[in-house]
Amino acid sequence: IYVNGYHFLSSTTIDGAVAEADYAVQQAQADGLPVGAVLAVDVENSYQMNMGRAMQPVVQAFINEVQRAGGYRSTTYTMGSHLEVSVDGDPSWIASYPFAPVSSQNWYSTEHAWQWDSKATFACSLGVFDVSQLYDDFFTAGQNISNNVTPPAENNNNSTDTVSLDGVY
């Protein structure tokens, strides 16, 4: 599998985004996210959406710091209804859940990926899954395939870890 991560951004300032990016990189490294993987910035808070295009410099600051500090690639993850928070010209990972997806749909095909469900189940597998359609190799490029993924060490400091590792299958 290919392993990538994302960080749920809270900040609305450039300085805050840089600080959150440094924290996200620290957590990703501690959890074993390989250099060259993607550490996406998740922008979904209503107060960020209300900022619209004014969020773009904040998002760009996060992306730049993730690349500088950790050697990870980065992109925006957000909702299809709020594409304006994504940096202009930078393909993103867009979540938009159609009522009834069909195999011929290719929503947001100019982006890196389209997440079309967050509650998918698969035969012979436990749990529910986010599922995305990849449109390019952004989430798989620069990584070696790992058949032996070790879960991250248990976090014993009682803090909330805001970095999530997400497998692409």
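Contacts in the protein chain of this predicted model are a suitable starting point: among those between residues at least 6 apart in sequence, 61% join residues at least 24 apart. To follow this in the viewer, display the whole chain and trace the contacts between residues at least 24 apart.

Next, switch to a secondary-structure representation. The protein chain shows 3 helices and 7 strands. Followed along the sequence, these elements appear in the pattern β-α-β-α-α-β-β-β-β-β.

Then render the surface of the protein chain. About 9100 Å² is exposed, and carbon and sulfur atoms supply 53% of that area. Colouring by burial adds a further view: 40% of the 169 residues count as buried.

Now select the loop between β4 (93-95) and β5 (113-120), and within this loop pick Tyr-108. The phi angle of Tyr-108 is near 60 degrees, a positive value in a residue other than glycine. Is Tyr-108 buried or exposed? Neither term applies, because its relative accessible area is 24%, and Tyr-108 is therefore partly exposed; the buried class requires a value under 20%, and the exposed class a value over 50%.

Continue to the loop between β5 and β6 (129-134), where Cys-124 is located. Cys-124 also has a phi angle of positive sign, near 65 degrees, in a residue other than glycine. Is Cys-124 buried or exposed? With a relative accessible area of 92%, Cys-124 is exposed.

Key:
Residues are numbered from 1 along each chain as its sequence is written. This is a predicted model: local features need pLDDT of at least 70, side-chain atom pairs count only at pLDDT 80 or more; totals for chains, interfaces and linings use all residues. Side-chain values use heavy atoms; hydrogens and water are left out. Helices (H or I, at least four residues) and strands (E, at least two) are DSSP runs, numbered from the N terminus. Buried means under 20% relative accessible area, exposed over 50%, partly exposed in between (1.4 Å probe, protein chains only). Contact means heavy atoms within 4.5 Å. Accessible areas come from the Shrake-Rupley method with a 1.4 Å probe; for residues, only the protein chains shown count as cover.
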